[in-house]
Amino acid sequence: MLWYSKQEILSGVVVITSKDTVQHQGISLTMEGSVNLQLSAKSVGVFEAFYNSVKPIQIINSTIEMVKPGKLPSGKTEIPFEFPLHMKGNKVLYETYHGVFVNIQYTLRCDMRRSLLAKDLTKTCEFIVHSLSQKGKLTPSPVDFTITPETLQNVKERASLPKFLIRGHLSSTNCVITQPLTGELVVENAEAAVKSIELQLVRVETCGCAEGYARDATEIQNIQIADGDVCRGLPIPIYMVFPRLFTCPTLETTNFKVEFEVNIVVLLHDDHLITENFPLKLCRM
């Protein structure tokens, strides 16, 4: 996998190795980039019109003829190439992203056409695209949080919850994708013993059109930052690296959105699950 950004040139060498002379009908190289959207199983019936109408969004598609029909000698043949990453019209070169319901991928395919009696040869590889760095400085957005039974939402029987007080902070919810998310958490007091404290990174993918939008949240990674009944008043560091390919700068377009959130999850021994959610904005600087 190679890393590129807009306005760069994709370059390399096609290597063909053969024991004998190879007869061919031409060798070509095709560069493709597309956004593939799909609906989750729970949304298919609701958005039938969208499900039937959405096609992959083509970002880039170009082909060059590298070698005209002829013969290649036995042994090793190297054919260099250069491919400018030029968009057609107002197309945007989105960053490579491997999601569940949104997938942005770029591939390079080499085809060697052969006679009717011989099968055509094809080799495909993926190359990775980075979006351009944003200009200017990123404005930090630190967040202090306090979690108590009273601050929790969607709780039916609040009175049955054990008493607890958890404080902490995140250094910033505006994050540079190449730098870790950092912060600190302190369990000030808790009536029930703490079983585990985890950081859960979540992607929120939205697909849709005029007929409607489907929004689905799925877990990317889960990092345990504390195991067992932690000491009260002890600062616990928060540190999470954003995994490449499964994250990208926060993206919003007409047909799809890719957003990110982090959950702080505290599990108590009586199986009470405490979750605090923080939306994140990722960017590349």
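**Exercise 1. Explain why Cys 248 forms no disulfide in this predicted model.**

*Solution.* Start with the distance: the sulfur of Cys 248 has its closest cysteine sulfur in Cys 283, 12 Å away, which is too far for a bond. A disulfide here needs two cysteine sulfur atoms within 2.5 Å. Next, look at the surroundings of Cys 248: this residue is buried, with a relative accessible area of 1%. Cys 231, by contrast, is exposed, at 53%. Finally, the count of disulfides by this rule is zero.

**Exercise 2. Find where the predictor's confidence is lowest and where it is highest.**

*Solution.* Begin with the whole protein: the mean pLDDT is 89, and 91% of the residues reach 70 or more. Then go element by element. Helix 2 (residues 48-53) has the lowest confidence, at a mean of 54. Strand 18 (residues 235-240) has the highest, at 98. A word of care follows: where pLDDT is low, the predicted coordinates should not be read in detail.

**Exercise 3. Work out which parts of the chain the salt bridge between Glu 65 and Arg 113 ties together.**

*Solution.* First, confirm the contact: the two side chains meet with an N to O distance of 3.0 Å, and the cut-off for a salt bridge is 4 Å. Second, place each partner. Glu 65 belongs to strand 5 (residues 57-67), while Arg 113 sits in the loop between strand 9 (102-112) and strand 10 (121-126), so the bridge joins parts that are 48 residues apart in sequence. Third, check exposure. Glu 65 is partly exposed, with a relative accessible area of 44%, and Arg 113 is partly exposed too, at 30%.

**Exercise 4. Describe the salt bridge between Glu 261 and Arg 215, and set it among the others in the structure.**

*Solution.* Take the geometry first: the side chains of Glu 261 and Arg 215 meet at 3.8 Å, N to O. This pair links distant parts of the chain, with Glu 261 in strand 20 (residues 256-268) and Arg 215 in strand 17 (residues 212-227), 46 residues apart. Now compare the two ends. Glu 261 is buried, with a relative accessible area of 16%, whereas Arg 215 counts as exposed at 51%.

For the wider picture, the structure holds nine salt bridges. Among them is the one between Lys 76 and Glu 78, at 3.5 Å, N to O; Lys 76 is exposed, with a relative accessible area of 58%. There is also a network of salt bridges that links Glu 32, Arg 109 and Asp 111.

**Exercise 5. Identify the residues that touch the most other members of the largest nonpolar core.**

*Solution.* The core has 73 residues, and the ones with the most contacts to other members are Val 102, Ile 104, Tyr 106, Leu 185, Ile 197 and Phe 256. Strand 20 supplies the largest share of this core, seven residues. As background, nonpolar side chains in soluble globular proteins tend to be buried together.

Now zoom in on Ile 197. Leaving aside neighbours within four places in sequence, its contacts include Leu 185, Val 187, Ile 223, Ile 225, Val 265 and Val 266. The polar residue Gln 224 is also on the contact list of Ile 197.

**Exercise 6. Classify the aromatic pairs Tyr 94 with Phe 256 and Phe 145 with Phe 278.**

*Solution.* The structure holds four aromatic pairs. For Tyr 94 and Phe 256, the ring centres are 5.6 Å apart and the planes lie at 80°, so this pair is edge-to-face. Tyr 94 is in the loop between strand 7 (75-84) and strand 8 (97-98) and Phe 256 is in strand 20, so the pair ties together parts 162 residues apart in sequence. Both Tyr 94 and Phe 256 are buried.

Phe 145 and Phe 278 are 5.3 Å apart, centre to centre, with 55° between the planes, and this pair is tilted. Phe 145 lies in strand 12 (residues 143-147) and Phe 278 in strand 21 (residues 273-283), so here the parts tied together are 133 residues apart in sequence. Phe 145 and Phe 278 are both buried.

**Exercise 7. Decide whether Met 112 is buried or exposed, and list what Met 112 touches.**

*Solution.* Met 112 is placed in strand 9. At 5% relative accessibility, Met 112 counts as buried. Beyond residues up to four places away in sequence, Met 112 touches Ile 16, Val 22, His 24, Gly 26, Ile 27, Leu 72, Asp 120 and Leu 121. As a last step, consider Thr 122: Met 112 and Thr 122 are ten residues apart in sequence, and their C-alpha atoms are 6.4 Å apart in space.

Terms used. Residues are numbered from 1 along each chain as its sequence is written. Side-chain values use heavy atoms; hydrogens and water are left out. Helices (H or I, at least four residues) and strands (E, at least two) are DSSP runs, numbered from the N terminus. Buried means under 20% relative accessible area, exposed over 50%, partly exposed in between (1.4 Å probe, protein chains only). A nonpolar core is a set of buried Ala, Val, Leu, Ile, Met, Phe, Trp, Tyr and Cys residues joined through side-chain atoms within 4.5 Å. Contact means heavy atoms within 4.5 Å. Rings of Phe, Tyr and Trp (its six-membered ring) pair if their centres lie within 6.5 Å; planes under 30 degrees apart count as stacked, over 60 as edge-to-face and the rest as tilted. pLDDT is the predictor's confidence in each residue, from 0 to 100.
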